[in-house]
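Please walk through this protein with me, starting from its interior and working outward.

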Amino acid sequence: LWRLDAVDFVKVTVAVLRLQQVLHHFGLAFRREVEPREHGHRALLVPAPGEKGSFGHLMFGTFELALAAEFLRRDGWDACVDSSASSSDAVSIVRREWFDVIELSLSSESRLDELTSGICHIRKASRNDALGVMVGGPVFKDHPEMVTRVGADVVATNGRQAALQADNLMDQLRSR
């Protein structure tokens with residue numbers, strides 16, 4: 001409805017805030033639904049370079065990252081979300097801490113070049129030479145084929161798929 005301009009800024013803002021409240025409220029119960037799988041994998045979920053403070057990220061990206069983190073946690077991942085991280089913050093984080101996978105969320109096609117450069121910097125800085133890179137967000141929902149253009153490994157178009165793709169990516173990386 002937002003893309004069709006059928007609802008205004010205030011309605012979208014209130015709706016996203018309510019969704020975030022529901023996710024926060026039910027997050028722990030959500031994880032208790034299944035037997036925890038402790039496999040020691042860690043994921044970092046951050047906005048794509050240039051997204052911090054952008055309208056698209058504020059409205060949709062923060063919720064998308066939080067939702068993906070909940071699915072990852074439910075699947076046994078240690079998922080760290082930093083919705084306010086800049087590109088340089090993400091580089092510093094992966095330089096300092098070990099992660100198996102990073103997910104970057106992008107809301108605007110105008111930032112594809114920044115994302116490509118950011119992924120390159122993140123891979124170079126990572127303590128993990130085999131870091132898996134997932135991308136998500138509205139850009140990739142509409143154009144999943146852009147995953148190769150930006151240098152990522154996989155696309156996650158929703159929270160559940162983020163967990164599935166992260167698990168599949170770990171399997172692929174182990175078999176190399």
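**From the core outward**

The largest nonpolar core holds 27 residues, and Ile-102, Leu-104, Leu-115, Val-135 and Phe-140 touch the most other members. Seen by element, two or more residues each come from β1 (42-47), α3 (87-96), β3 (101-105), α4 (112-125), β4 (132-136), α5 (138-142) and α6 (147-150). The top contributor is α4, with five residues. This is a predicted model.

Take Leu-104 as a way in. Leaving out residues up to four places away in sequence, Leu-104 touches Val-46, Pro-47, Ala-48 and Pro-49. The same count includes Leu-115, Ile-119 and Ile-122. Val-133, Met-134, Val-135 and Gly-136 complete the list. A separate core lies apart from the largest one. This other core has 19 residues, among them Leu-65, Phe-71, Ala-79 and Val-154.

Now step back to the whole fold. The protein has seven helices and five strands. Along the sequence they run α-β-α-β-α-β-α-β-α-α-β-α. Of its 176 residues, 47% are buried. Sequence-distant pairing is well represented: among contacts between residues at least 6 apart in sequence, 75% join residues at least 24 apart. The accessible surface is about 9200 Å², and carbon and sulfur atoms account for 54% of that area.

Next, strand β3. Is Glu-103, a residue of this strand, buried or exposed? Glu-103 is buried, because its relative accessible area is 2% and the cut-off for buried is under 20%. Its contacts, again without residues up to four places away, include Leu-44, Leu-45 and Val-46. Glu-64, Leu-65 and Ala-68 also touch Glu-103. So do Met-134, Gly-136, Ala-156 and Ala-162. Glu-103 and Gly-132 are 29 residues apart in sequence, yet their C-alpha atoms are 8.5 Å apart in space.

That leads to Gly-132, which sits in strand β4. Gly-132 counts as buried because its relative accessibility is 0%. Which residues does Gly-132 contact, leaving aside neighbours within four places in sequence? They are Asp-100, Val-101, Ile-102, Asp-153, Leu-169 and Leu-173. With Asp-100, the C-alpha separation is 6.1 Å across 32 residues of sequence.

Asp-100 also turns up beside His-41, together with Trp-77, Asp-78, Met-170 and Arg-174, when residues up to four places away are not counted. His-41 itself is found in the loop between α1 (9-32) and β1. At 13% relative accessibility, His-41 falls under 20% and therefore counts as buried. The side chains of His-41 and Arg-174 are joined by a polar contact of 3.5 Å. Leu-72 is 31 residues from His-41 in sequence, and the C-alpha atoms of the two are 9.7 Å apart.

Follow Arg-174 into helix α7, which covers residues 159-175. Why does the length of α7 fit a helix? At 1.5 Å a residue, its 17 residues should span 24 Å; the end C-alpha atoms are 25 Å apart, so the two values agree. At the start of α7, a side-chain oxygen of Asn-158 reaches to within 3.1 Å of the backbone nitrogen of Arg-160. Several residues of α7 are buried, including Gly-159, Ala-162, Ala-163, Gln-165 and Ala-166. Asp-167, Leu-169, Met-170 and Leu-173 are buried as well. Some of these names are familiar by now. Ala-162 was among the contacts of Glu-103. Leu-169 and Leu-173 were among those of Gly-132. Met-170 was one of those of His-41.

Last, the cysteines. How many disulfides does a search of the whole structure find? It finds zero. Cys-80 counts as partly exposed because its relative accessibility is 22%. Cys-120 is also partly exposed, with a relative accessible area of 37%.

Conventions
Residues numbered from 1 in each chain as written. Predicted model: local features only at pLDDT ≥ 70, side-chain atom pairs only at ≥ 80, totals over all residues. Heavy atoms only, no water. Helix = DSSP H or I, 4+ residues; strand = E, 2+ residues; numbered from the N terminus. Expected span 1.5 Å × (residues − 1). Buried < 20%, exposed > 50% of the residue type's maximum accessible area, 1.4 Å probe, protein only. Polar contact = N/O pair within 3.5 Å; in protein donor to acceptor, adjacent residues only side chain to side chain. Disulfide = S-S within 2.5 Å. Core = buried A, V, L, I, M, F, W, Y, C linked by side-chain atoms within 4.5 Å. Contact = heavy atoms within 4.5 Å. Areas by Shrake-Rupley, 256 points an atom, 1.4 Å probe, with all protein chains shown as cover.
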